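Please open the model in your viewer and keep the sequence panel beside it. The tour below moves from one selection to the next and says what is found at each stop.

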Amino acid sequence: MAGLIAVSHRLDLPSAAALREQQQAELLVADPLLSVRVISFPLPEPQVFTHVDAGVMRPVVAEALARARALGRALTPWLAQLVPGSRTVPWSVHRFQQLFWTALGYRAVWQQVLAAHDPERWHVILPRQPHRYGSHSFLPGLMLMEQLVARGKPHAAYLVDVPTLDWGQLPDLRQLPADVELLAHLPTCFHDAAHFSEEILASGLRCGLLSAEVYDVPLDGLPSTGLVDAREVRGLLPPERLAALEALAGPVCEVLREHLQPVIVHQGFRDVQVTALWQALEAQALLCFWLEQHFAGRLPRRLLLSNHDATIHGALLSFAAGHAIPVTLLPHSKVFNQPVFNSDGLDALCLHHGLQDGPCLDLGGRQLPAGRLAYPGGWPEPPPLPAALKTVGVVLNGLSANGVSLLSFEDYAAGLAQLLAGCQALGLHLRLRARLAETPLQMLAQRLALPLEPLLADTQGTLVDFAGGCDLLLGYDMPTSGLHEVLRAGVGVMQAEIRPLASDEWKIVDRAVAPRMNLAELLDRLRVMADNPACLHDFLRTQQQRARDSQAGARPLRAWLAD
């Protein structure tokens with residue numbers, strides 16, 4: 001086999017295009033979704049590794065979380081010297097988890113790729129940028145290079161620059177209104193932004209909305225602080241605070257090096273990554289100092305956060321813990337399917353959709369206080385029952401997380417082929433609903449011998465619109481929180497499993513309401529429902545009642561904020 005250029009991100013493509021011309025080599029991607037990006041660049045169709053072993057990836061997810069938890073706890077004694085409230089609030093653990101997942105995930109993927117491909121020479125693209133949450137980095141390429149060095153495989157590595165964000169930005173506290181009662185920071189809550197804005201305004205509380213460095217969500221009617229460079233914040237703080245922070249740089253970086261060493265073997269790249277992590281911790285410390293200074297003598301009554309740490313949750317929660325300010329957490333996508341990364345002993349009230357499966361947990365696995373949150377529209381009466389089961393919709397979710405494949409495309413496509421054949425044998429019409437940003441639709445269409453146009457047409461409109469044209473909806477592989485709205489619309493839902501789900505996947509929809517089962521059992525149940533409309537109707541009535549019951553005790557956000 002001639003040379004192969006490994007591509008792990010869309011930002012690699014300009015470099016890959018130049019290398020292809022220089023080296024006369026082919027492109028290889030390990031994430032099937034990237035093949036669409038390659039073709040539309042435009043570049044020739046790449047080789048696609050489609051055999052990622054889900055059984056290998058599951059423990060990698062667990063290891064990434066365990067390493068992030070261990071690093072967060074190792075840093076706590078040092079950070080507590082600066083901010084006592086951080087004793088129960090590990091900082092940057094979500095960032096650490098994403099870093100370890102990217103590194104360990106790609107290490108596992110490349111091991112599988114190298115077992116299947118042995119070109120004359122590998123060409124490895126290495127961005128100079130360290131890992132930062134939400135951006136590309138040298139980690140994917142570095143994990144491949146380390147594997148190639150260990151195996152003695154011929155390769156060449158190319159250092160490149162890729163676009164990155166303007167890091168080191170903090171919310172500008174000078175722009176907060178006077179006498180803030182509710183201090184809010186809700187990154188990533190895009191889908192529910194209008195609802196949350198309406199509820200906060202209805203609460204009557206004077207709200208200060210802190211802008212996020214990444215995934216910022218504007219809220220109508222609530223002015224936000226905007227951002228300011230952390231270097232400018234330094235000039236607003238007492239010199240003794242800054243000196244105490246600088247004194248911790250050495251010991252904190254040593255802890256970071258120790259925990260990164262097993263994952264980033266190359267010392268030069270490890271040092272660059274340590275510097276980036278220290279800068280993130282340093283920025284949070286500056287924000288903590290500034291919060292103390294800004295709110296001296298006039299503390300907010302409550303802190304309202306999303307569950308998605310977009311860089312400064314550690315600082316905000318430490319400030320709240322140090323002053324016994326109650327904390328309320330909102331889910332960025334209806335449910336708390338992952339641990340609350342920045343809580344390890346701190347009690348925070350987690351408000352979630354009633355269809356969440358399982359409890360809300362902190363970093364140490366401790367159950368947190370929780371309440372059911374009412375979402376707009378209530379729970380209306382369901383529409384008339386379908387006369388018979390004729391049309392079945394299938395909702396496809398992504399195959400990868402942050403560019404790392406979670407399961408085999410071959411298994412994914414084979415399961416869909418089984419569903420298609422089974423439904424065809426039962427005389428049922430099957431419709432597929434894909435997420436264009438997360439589903440390799442062209443590859444699926446080719447593999448399943450389906451015309452692409454109807455698949456593209458079914459990506460338009462909302463999921464509820466799509467469900468309205470079906471008698472029953474099947475979630476496929478990982479559930480989506482969009483199924484909550486489908487259930488509220490009165491359409492029946494079941495979940496097709498093709499592998500064991502991780503807890504952050506199965507928590508998305510309560511299986512007591514939307515049952516999960518393997519494909520053989522699912523097709524058996526569809527056969528019964530297709531042959532016996534009364535069985536379909538019994539299932540739909542029972543499911544609707546359970547879904548309605550799951551909302552018992554749900555209260556609007558304005559009511560929770562009034563407590």
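Which residues does His 131 touch, not counting residues up to four places away in sequence? Bear in mind, while selecting them, that this is a predicted model. The residues to display around His 131 are Arg 95, Gln 98, Leu 99, Thr 102, Ser 137, Leu 139 and Gln 273. His 131 itself is found in the loop between strand S4 (122-127) and helix H5 (139-151), and it counts as buried because its relative accessibility is 6%.

**The nonpolar cores**

Select Phe 100 next, and then Leu 256: these two touch the most other members of the largest nonpolar core, which has 135 residues. If the neighbours of Phe 100 within four places in sequence are left aside, Phe 100 is in contact with Ala 64, Arg 67, Ala 68, Leu 71, Gly 105, His 259, Leu 260 and Val 263. A second core, separate from that one, has 21 residues, and Ala 193, Cys 207, Leu 351 and Leu 557 are among them. In soluble globular proteins, nonpolar side chains tend to be buried together.

**Backbone geometry in the loops**

Most residues other than glycine have a negative phi, and most peptide bonds are trans. The next three selections can be viewed against that background.

Go to the peptide bond that leads from Phe 41 to Pro 42, which is cis, with omega near 10°; Pro 42 is found in the loop between helix H2 (32-40) and strand S3 (47-48).

Move on to Thr 188, a residue other than glycine whose phi is positive, near 75°. Thr 188 has its place in the loop between S7 and helix H6 (193-203), and it counts as buried because its relative accessibility is 11%.

Then select Asp 179, which is not a glycine either and yet has a positive phi of about 55°. The loop that holds Asp 179 runs between strand S6 (169-171) and strand S7 (182-185), and with a relative accessibility of 43% Asp 179 counts as partly exposed.

**From Asp 179 to Arg 206**

Keep Asp 179 displayed and add Arg 206, since the two belong to one picture: the backbone oxygen of Asp 179 lies 2.9 Å from a polar atom of the side chain of Arg 206. Arg 206 lies in the loop between H6 and strand S8 (207-209), and it is partly exposed, with a relative accessible area of 44%. Not counting residues up to four places away in sequence, Arg 206 touches Ala 178, Asp 179, Val 180, Glu 181 and Leu 182. For a distance to check in the viewer, take the C-alpha atoms of Arg 206 and His 185, which are separated by 14 Å, while the two residues are 21 residues apart along the chain.

**The parallel sheet**

Finally, display the open sheet whose five strands follow the order S17-S14-S18-S19-S20, with parallel pairing. Strand S17 (429-433) and strand S20 (516-518) stand at the edges, and because each has a single partner strand, one side of each is left without a neighbour in the sheet. Neighbouring strands of this sheet are turned by 30° against each other on average, with direction ignored. At the S20 edge, strand S19 (residues 492-497) pairs with S20 in the parallel sense over three bridges, and the bridge partner of Gln 495 in S20 is Arg 516. The last element to select is helix H18 (residues 533-549), which lies across strand S18 (472-476) and S19 and runs at about 95° to S19.

Key
Residues numbered from 1 in each chain as written. Predicted model: local features only at pLDDT ≥ 70, side-chain atom pairs only at ≥ 80, totals over all residues. Heavy atoms only, no water. Pairing = 2+ DSSP bridges. Helix = DSSP H or I, 4+ residues; strand = E, 2+ residues; numbered from the N terminus. Axes fitted to C-alpha atoms, helices over the stretch in contact; angles between N-to-C directions. Contact = heavy atoms within 4.5 Å. Buried < 20%, exposed > 50% of the residue type's maximum accessible area, 1.4 Å probe, protein only. Core = buried A, V, L, I, M, F, W, Y, C linked by side-chain atoms within 4.5 Å. Polar contact = N/O pair within 3.5 Å; in protein donor to acceptor, adjacent residues only side chain to side chain.
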